[in-house]
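Trainee: I've got a new model open and I'd like to learn how to read it. Can we go through it together?

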Amino acid sequence: MAAAAVAVPTWGEAASGDFSFLFLTDSHLQPELGAVDGTALAMKRAREVRGVDFAIQGGDHIMDALGVTKEVAVRNFDLYGKTEQDLGMKVHHTLGNHDVFGIYSASGTGESDPLYGKKLFEGRFGPTYYSFDHKGVHFVVLDSIGITADHHYEARIGQEQYDWLAGDLGKLRVGMPVIVTTHIPLVTAVPSYVAEGGKGFGWEQFHGGPAVVALLGKYNVLAVLQGHTHVNERVEWRGVPYITGGAVSGNWWHGARMGTVEGFTVVSVLGGKLSTRYLGSGWVSVAPEMG
């Protein structure tokens, strides 16, 4: 995993101010199911939101890179890149599990491929975890995807990234507001919503997650923004809101996901307080299913 070089001794000295930004996650862009048009519609609607400074993509840009050939993975990322241009603004990117290339055997590739694993994502978007400041708020983008020895993904923040995060937050002035992004949720109540025996992924055991949650509890975290479950949700744990932002793709382009329609989140920071509103894109699935 790569981390941004952000050793800035005056971290957090910028003047604070009110602002808004977009959080768009789980676009799962692919040629099938009208996903390109659906993502383009979401980008168009998002661009119409007035007064936003930038956007954060919460991961799973495409469908898929895990178990497809290099040609398909590159094509999907190319399609995503062209579609994202419709936003017309700066976008910060979060690694999702479907953005990892070639770790499933079906891809026919291996670790010797120069784009294997997270390298394809890094070549397009940069480091998989990093931080930046905006108008007095410190943003942290985490890499929640671990790659196992048997070539699967898992929810994980390893020691190297934890140490980086602790050092990064340790540079902040006391009380500086922080907003965190992770693809796989650190805290979620999704298991409570799924009927017994129903489709219920999205709450994998998060290796290293409890330690990160405990660390964040020591700082002025306005929110943790999350993806992966495709459910619009807010859970507050020990004073920190964990906000999952639905999905641009809804139920993977098959309609609403457990009542959450295709859409995105507008995040506003006003007077040191954070609020969100979820906006549907208006997409109508070409292959609706119960979800």
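Mentor: Sure. This is a predicted model, so begin with pLDDT, the predictor's confidence in each residue, from 0 to 100. Here the chain averages 92, and 90% of the residues score at least 70.

Trainee: Over which residues does pLDDT stay under 50?

Mentor: Over residues 1-15. The model still has 41 contacts for that stretch beyond four places in sequence.

Trainee: On to the interior, then. What should I look for?

Mentor: In soluble globular proteins, nonpolar side chains tend to be buried together. In this model the largest nonpolar core has 33 residues, and Leu-186 and Leu-216 touch the most other members.

Trainee: Which element supplies the largest share of this core?

Mentor: That's α5, with four residues. Elements supplying at least two residues each include β7 (153-156), α4 (159-170) and β12 (240-245). Leu-216 touches Leu-169, Val-180, Leu-186, Val-221, Val-224 and Tyr-242, leaving aside residues up to four places away in sequence. Apart from this core lies another, of 25 residues, with Leu-29, Ala-35, Ile-62 and Phe-77 among them.

Trainee: How do I read the aromatic pairs?

Mentor: Look at ring distance and plane angle together; planes over 60 degrees apart count as edge-to-face. The count here is 14 aromatic pairs. Phe-19 and Phe-139 form a tilted one, 6.2 Å centre to centre with 50° between the planes. Phe-19 is in strand β1 and Phe-139 in strand β5, so their pair ties together parts 120 residues apart in sequence. Phe-19 is buried at 4% relative accessible area, and Phe-139 is buried at 1%.

Trainee: What kind of aromatic pair do Phe-54 and Phe-132 form?

Mentor: Edge-to-face: 5.9 Å centre to centre, with 80° between the planes. Phe-54 sits in strand β2 and Phe-132 in strand β4, so this pair joins parts 78 residues apart in sequence. Ring pairs link Phe-19, Phe-21, Phe-54, Tyr-130, Phe-132 and Phe-139 into a cluster.

Trainee: Now a charged residue: is Asp-60 buried or exposed?

Mentor: The cut-off for buried is under 20% relative accessible area. Asp-60 has 1% relative accessibility, so it counts as buried. Asp-60 lies in the loop between β2 (52-57) and α2 (70-84). A polar atom of its side chain lies 2.8 Å from the backbone nitrogen of His-98. Beyond four places in sequence, residues touching Asp-60 include Asp-26, His-28, His-183 and His-228.

Trainee: And sheets?

Mentor: Check strand order and pairing sense. One open sheet runs β6-β7-β9, with mixed pairing. Its edge strands, β6 (145-147) and β9 (206-207), each pair on one side only. β7 and β9 pair in the parallel sense over two bridges.

Methods: Residues numbered from 1 in each chain as written. Heavy atoms only, no water. Core = buried A, V, L, I, M, F, W, Y, C linked by side-chain atoms within 4.5 Å. Buried < 20%, exposed > 50% of the residue type's maximum accessible area, 1.4 Å probe, protein only. Contact = heavy atoms within 4.5 Å. Polar contact = N/O pair within 3.5 Å; in protein donor to acceptor, adjacent residues only side chain to side chain. Pairing = 2+ DSSP bridges. Phe/Tyr/Trp six-rings, centres within 6.5 Å; stacked < 30°, edge-to-face > 60°.
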